[in-house]
Amino acid sequence: MKDFDMFEKKLKEQYEQIESPNKQQVIQRISSHKDKKMRRFPMFAMICFGLFLSVATVGAMNFNGLAFFNKDASSVIELETMTDEEMIPHNQANDINMKNRELMDQLRKTIEPGKFLYFLDVEAFEQYGEPDIFSLYNFDTFRSFDNLPVDLTTRWTFPKTLLEQYEFKEGSLIYNTPEKSYEEMMEIIEQLKQQALKQNQHYAVLEGELLSSVHSISLWYETNEFPFSKAFDITIDSINKRLKTSEDLSSFVKLDNVLTTNAYYSEEQRKLVFVQQTPEENYLISIRNPVISEENVSLQTFIEVANMLLTN
């Protein structure tokens, strides 16, 4: 195995650059999809060690992406596409995910409500010299807004019907994992590595407990007459400052004076993104008309849906 002391020094340097409270989000989140219509690729990926989810603002002068501002013209959230070099750890994590897909699916079946599993592929650690630690968990799905935590329903407007034709069908919640210090993460990494070696297997897992705070909300709306072919997929993600994404953002066009906040729209991706500020968090909201739909809906329709979410 590659020298662990060298790795530890490199990881410490990287970990200290990540902005709190997003340290826990550098753990790769791989979630289960219980329903085909909820299956989607997240726009803003949770990415692994060696690649920063939350980027220090030192390099903001070279920023070239999507910037969202508050009423005081101060930057709230910035999104930027990763460079080819930055994508390397992300692609490595995808390779590990593909290799262990069946194993991860089996492990998810053992996870109790409110729990998650740290997952470390030791063989990949030996190959890449950096640990891609995955967080395995199951979506908390719901089909009625009555089942949501009170703090969410008081903070957000969740319409049962959009534009008098799109009915809410299903949603899911992703809860935050506990924030860990560098020392605590190193203890977890070492524990997983030793466990895998002791059990003579290429991986190891460690159970953790999810927090009660929600990191992401997904909502699925569709028409009763044309299920799947006419639909909206809405995500609300708790976000902090500047982020990197694997998505190509070049097709997004800035929209001014259409919402209470600035927004970006991509006709090619059939998606509208904007930010909502609350006293507690900043949220990035994505409204998508899935590619399974028969035809694109108009930009005005996206704006009308967005305004329904911003009525609070």
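These legends accompany close-up views of a predicted model.

**Figure 1. Overview of the protein chain.** The predicted chain holds seven helices and 16 strands. It has 312 residues, and 54% of them count as buried. Contacts with a separation of 6 or more were sorted by distance along the chain: residues 24 or more positions apart account for 71% of them. The exposed area is about 15400 Å². Carbon and sulfur atoms supply 47% of that area.

**Figure 2. Surroundings of Asp237 in strand 11.** Strand 11 spans residues 231–239 and includes Asp237. The relative accessible area of Asp237 is 14%, so this residue is buried, the limit being under 20%. Its side chain makes a polar contact with the side chain of Ser216, at 2.6 Å. Ser216 also appears among the contacts of Asp237 beyond four places in sequence. The others in that set are His215, Asn282, Tyr283 and Leu284.

**Figure 3. Ring pair of Tyr166 and Phe232.** By the ring-centre rule, the model has 14 aromatic pairs. In one of them, the ring centres of Tyr166 and Phe232 lie 4.8 Å apart. Their planes meet at 65°, and over 60 counts as edge-to-face, so this pair is edge-to-face. The two residues come from distant parts of the chain, 66 residues apart. Tyr166 belongs to strand 8 (residues 166–175), while Phe232 belongs to strand 11. Is each partner buried or exposed? Tyr166 has 4% relative accessibility and counts as buried. Phe232 has 0% and is buried as well.

**Figure 4. An aromatic cluster.** Five residues are shown here: Phe142, Phe145, Phe158, Phe168 and Tyr221. Together they form one aromatic cluster. Phe168 lies within the residue range of strand 8, 166–175.

**Figure 5. Packing of helix 7.** Helix 7 covers residues 299–309. Which of its residues are buried? They are Thr301, Phe302, Ile303, Val305, Ala306 and Leu309. What do these buried residues pack against? Their partners are strand 7 (161–162), strand 11, strand 14 (263–266), strand 15 (271–277) and strand 16 (282–288). Strand 11 is also the strand that holds Asp237 and Phe232. Strand 16 begins at residue 282, and Asn282 is one of the residues in contact with Asp237.

Technical notes:
Residues numbered from 1 in each chain as written. Predicted model: local features only at pLDDT ≥ 70, side-chain atom pairs only at ≥ 80, totals over all residues. Heavy atoms only, no water. Helix = DSSP H or I, 4+ residues; strand = E, 2+ residues; numbered from the N terminus. Buried < 20%, exposed > 50% of the residue type's maximum accessible area, 1.4 Å probe, protein only. Polar contact = N/O pair within 3.5 Å; in protein donor to acceptor, adjacent residues only side chain to side chain. Contact = heavy atoms within 4.5 Å. Phe/Tyr/Trp six-rings, centres within 6.5 Å; stacked < 30°, edge-to-face > 60°. Areas by Shrake-Rupley, 256 points an atom, 1.4 Å probe, with all protein chains shown as cover.
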